Amino acid sequence: MQKPTDIPYTYVIGTGWWCSPRPITWKPIQGDDCIRSREFHRLWYYAIDKYTCPEKICIVDSASPIRPEMADDPRLEWMSLNHNFHTYHSPYHEAFDHSGWVKSALLSAYYALMCEADYFIYVEQDCLVRGDGWVDAVVNQLDEHVAAGHPGWMFGDGRNGCPGNHDIQQSLFVIKQSHLWPFIQRLTPRPKGPSLMAEQQFPLLSS
């Protein structure tokens, strides 16, 4: 595992959290319910601890009835919202400026900005990372992206999504510090018109 002194930059990892004792019935779901369980969180944290070296790990909880078993790690920061703001699938979402998922991305991104980290990396609670040096590879690619005149954020390409679905893959994305504030500013205004899922909202408001 890399130690902080081995890398010339700093980063904060952000994620969201939701876990329920009952199966989700108020929205369509993808994948098995285990990926939103306390048990899966242990795998998520194991992968983060083994293959990354963030200064902080910011977890934004959507007022979940169940909390994960937190490791004794001073890098972990837990923040709870006052409500479950649901997702774009929910009829309740129209009453809120943003869904719970977007709120977790915005809040943890702002936390990274306030920490003055060089990069912000969002790793969704059901996303397992693997591989030595993957953060270096992504950061180097992002720096090349910025040097070529492109925005300082990168999302996955969604190749493992449904056929015909060309939305971005937002389960794992990275933002350079110099572009964090523009990203937050563009994503913060309430979207006009029908409620949008994050995969549609992100490219519309942050491109």
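1. Buried, as used in this note, means a relative accessible area under 20%. By that criterion, helix α1 of this predicted model has the buried residues F40, H41, W44, Y45, A47, I48 and Y51. Viewed down the helix axis, the buried residues of α1 fall within an arc of 160°, so they line one face of the helix. An α-helix has 3.6 residues a turn, so residues three or four places apart point the same way.

2. The packing partners of that face can be named. The buried residues of α1 pack against strands β1 (11-17), β2 (56-61), β3 (76-80) and β4, and also against helix α3 (134-147). The geometry of α1 itself is as expected: the helix comprises 14 residues (38-51), which at 1.5 Å a residue should span 20 Å, and its end C-alpha atoms are 20 Å apart, in agreement.

3. As to overall architecture, the protein has five helices and six strands. Their order from the N terminus is β-α-β-β-α-β-α-β-β-α-α. Of the 207 residues in the protein, 45% are buried. Among contacts between residues at least 6 apart in sequence, 66% join residues at least 24 apart.

4. Confidence should be considered element by element. The mean pLDDT of the protein is 79, and 69% of the residues score at least 70. Among the elements, strand β4 (residues 119-123) has the highest mean pLDDT, 97, whereas helix α5 (residues 198-206) has the lowest, 62. Over residues 160-166 the pLDDT is below 50, and this stretch has zero contacts in the model beyond near neighbours in sequence.

5. The aromatic side chains merit a separate point. The structure holds ten aromatic pairs. One of them joins F155 and F173, whose rings are tilted, with 4.9 Å centre to centre and 40° between the planes. F155 lies in strand β5 (residues 153-156) and F173 in strand β6 (residues 169-176), so this pair ties together parts that are 18 residues apart in sequence.

6. F173 also takes part in a pair with F183. F173 is buried, at 2% relative accessibility. The ring centres of F173 and F183 are 6.3 Å apart and the planes stand at 40°, so this pair too is tilted. Because F173 lies in strand β6 and F183 in helix α4 (residues 177-187), the pair ties together parts that are ten residues apart in sequence. F183 is buried, with a relative accessible area of 0%.

7. These contacts belong to a wider arrangement: ring pairs link F120, Y122, W153, F155, F173 and F183 into a cluster.

8. Finally, the cysteines. The structure holds zero disulfides. C58 is in no disulfide, and the nearest cysteine sulfur, that of C115, is 8.0 Å away. The reverse also holds: for C115, likewise in no disulfide, the nearest cysteine sulfur is that of C58, 8.0 Å away. A disulfide requires the two sulfur atoms to be within 2.5 Å, so a separation of 8.0 Å does not qualify. The surroundings of the two residues can be stated as well: C58 is buried, with a relative accessible area of 0%, whereas C115 is partly exposed, with a value of 29%.

Technical notes
Residues are numbered from 1 along each chain as its sequence is written. This is a predicted model: local features need pLDDT of at least 70, side-chain atom pairs count only at pLDDT 80 or more; totals for chains, interfaces and linings use all residues. Side-chain values use heavy atoms; hydrogens and water are left out. Buried means under 20% relative accessible area, exposed over 50%, partly exposed in between (1.4 Å probe, protein chains only). Rings of Phe, Tyr and Trp (its six-membered ring) pair if their centres lie within 6.5 Å; planes under 30 degrees apart count as stacked, over 60 as edge-to-face and the rest as tilted. Helices (H or I, at least four residues) and strands (E, at least two) are DSSP runs, numbered from the N terminus. pLDDT is the predictor's confidence in each residue, from 0 to 100. Contact means heavy atoms within 4.5 Å. The expected span of a helix is 1.5 Å times one less than its number of residues. The arc is that of the directions from the helix axis to the C-beta atoms.
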